Amino acid sequence: MTDKRCSMREAIARYVHDGMSVAIEGFTACICFAAGHEIIRQRRRNLTLIRMTPDLIYDQMVAAGVASKMIFSYLGNPGVGSLNAIRRAVEHGVPAPLELEEYSHYGMVGRYIAGATRLPFFPLRSYLGSDMPRANPLIRMVEDPYGGAPIAVVPPLNPDVAVIHAQRADVSGNTQLWGLIGSQKEVAFAARRRIVVVEEIVDEAVIRADPNRTLIPGLIVDAVVHEPYGAHPSYAQGYYDRDNQFYLAWEELSQEHERIVAWLDAWVYGVPDRAAYLEKLGAARLAQLKPAPAPAGVVDYGAYQ
Amino acid sequence: MSYTASELMIVAAARALAGTRTVFVGVGLPNIACNLARRTVAPDLELIYEAGVYGARPARLPLSIGDPTLVTGATAVVSQADLFGLYLQGGLVDVALLGGAQIDRFGNLNTTVIGDYTRPKVRLPGSGGACEIAANARRTFMIMRLKRRAFVNALDFVTSPGHLEGGASRQRLGLPGGGPALVITDLALFDFDNPEREMQLIATHPGVSVDQVCAEIAWDLRLASHVTETPAPTADELRIVREELDPEGTYRGREPV
């Protein structure tokens, strides 16, 4: 079994290059901020950033100037307000213009599925009566070959690199994820390269004891990064809570580009890696985010010799 | 007993969910309304969240639509491919709650831009799941504040289809769901129960006049044959909202009407 473990610095240096399309997915949960920060630190440029919900991670990356384009479906700070850095880029070209390619959620999911299954398009019951196809000509209507009404289709999406944050994997990248699994499986299978980032590295036997929970097989994984709290201020179900205080504070902090620059200096450029970020955050803050346990019941797969 | 405009909106939305089996929930007021409905008029109500949760039993008020409290204790947690494909497009959503920056007389919604799409004055969040939710849910309820700049003659951008140009235009285009059924605002309630499928005033909230409502709407508002008054929230409804669902007052507001 190949040991694919490496540091975040090595993984980003090896697989993420200027001009690439990068998907750091995770629907509110398991968003790998550690990877986003490392991409900022390595000063990548002209990336196409792909995510259903750009969230604070792409707000930070756009403010840092790593992106020239974004493919997305919901541009908000969930439950709080706007993504102010991305809005500044779109409305005022600050710090640089940002091209948008926009879908609905199911359209993005469909693009990942078509990409993952190598199909030319994905049909969905959406976009009829909406202006979205006019804003994005890649959303098209086709005749139903079986005689039904016209139906919307979206093209496949195959990111150059996908970063998937999860609770645990073995050293070869067999990855288990629970809680909100979002579209992590679909984007992993759609991407050309996959970096898996986990809270824990576990023995292969732990994976094999619960195979239904394996979302991503090591077969398609290029790098495994062990990065505890790598999703903060997002969360990993059962490991730590979403840092809602940070999401609320970002609404205020992100009102001015200069304040984000100062924040990036302190929390991204000013720390060499995730471990240093966590040290700066402090053990007390992390302890506050620790949930009480709520373990799943045990299922019996049976032994069949 | 005094109450805020938000509390009345929450209570009105919850009452409208009476007898409903499945509801597609958003964060904020819709979330509180659905949880209130489950404790009062719709005990069998299953809460569906676009993050991939069916049958959520949130133990705390979720700030985001993907809060971990929605996962723990839920009936099922699924991928978004399954949530949108099997649950929503599969026709299992009875009512979906939506909102928007702009709405027109046929219940079409804009959550994308104010101004021109390519050079927006204000860049709004976009669709999220709203476009396919509006297409597929059996009925949609809108929860919005009644403001003239929101209730407009022509949307700057149609994100989510309502009754389109009215009448049977929605069915003609092949949209599977029934479309807008109810608009819940801080001043009044509206439905679309007429052949033109046009928004019509069905109830004003206590102390609100029809003229006040009309003043906040850009078009000539149609009135239902009997415009009633929304019953004020009961003490029990207010207790659940204040003590159980939003104890910190994040969404229910402070200013009594």
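These legends go with several views of a predicted model.

**View 1. Chain A, split into its assigned domains.** Domain 1 is built from two stretches of chain A, 8-103 and 158-288, while domain 2 covers 121-155. Go from the C-alpha centre of domain 1 of chain A to that of domain 2 of chain A and you cover 30 Å.

**View 2. Chain B, the overall fold.** Here you get 7 helices and 14 strands. The C-alpha atoms of chain B sit in a box of roughly 45 × 45 × 35 Å along the principal axes. For 257 residues, a compact globule should come out near 18 Å in radius of gyration, and chain B agrees, with 18 Å. Take the contacts in chain B between residues at least 6 apart in sequence: 63% of them link residues at least 24 apart.

**View 3. Chain B, surface and charge.** Of its 257 residues, 61% count as buried. About 9600 Å² of chain B is exposed, with carbon and sulfur atoms supplying 51% of that. As for charge, chain B carries 24 positive and 28 negative side chains, and the centres of these two sets are 2 Å apart.

**View 4. Close-up on Val41(B).** This residue belongs to the loop that runs between helix H2 (29-39) and strand S2 (46-49) of chain B. Val41(B) counts as partly exposed because its relative accessibility is 33%, between the 20% and 50% cut-offs. Leaving out residues up to four places away in sequence, Val41(B) touches Ala14(B), Arg15(B), Leu17(B), Ala18(B) and Gly19(B). Glu7(B) is 34 residues from Val41(B) in sequence, and their C-alpha atoms are 16 Å apart in space.

Methods. Residues are numbered from 1 along each chain as its sequence is written. Chains are lettered from A and ligands numbered from 1 in the order in which they are written. This is a predicted model: local features need pLDDT of at least 70, side-chain atom pairs count only at pLDDT 80 or more; totals for chains, interfaces and linings use all residues. Side-chain values use heavy atoms; hydrogens and water are left out. Domain bounds come from an automatic or database domain assignment. Helices (H or I, at least four residues) and strands (E, at least two) are DSSP runs, numbered from the N terminus. The radius of gyration is taken over C-alpha atoms; the globule rule is 2.2 Å times the number of residues to the power 0.38. Buried means under 20% relative accessible area, exposed over 50%, partly exposed in between (1.4 Å probe, protein chains only). Contact means heavy atoms within 4.5 Å. Accessible areas come from the Shrake-Rupley method with a 1.4 Å probe; for residues, only the protein chains shown count as cover. Lys and Arg count as positive and Asp and Glu as negative; His and the chain ends are not counted. The place of a charge is taken as NZ of Lys, CZ of Arg, CG of Asp or CD of Glu.
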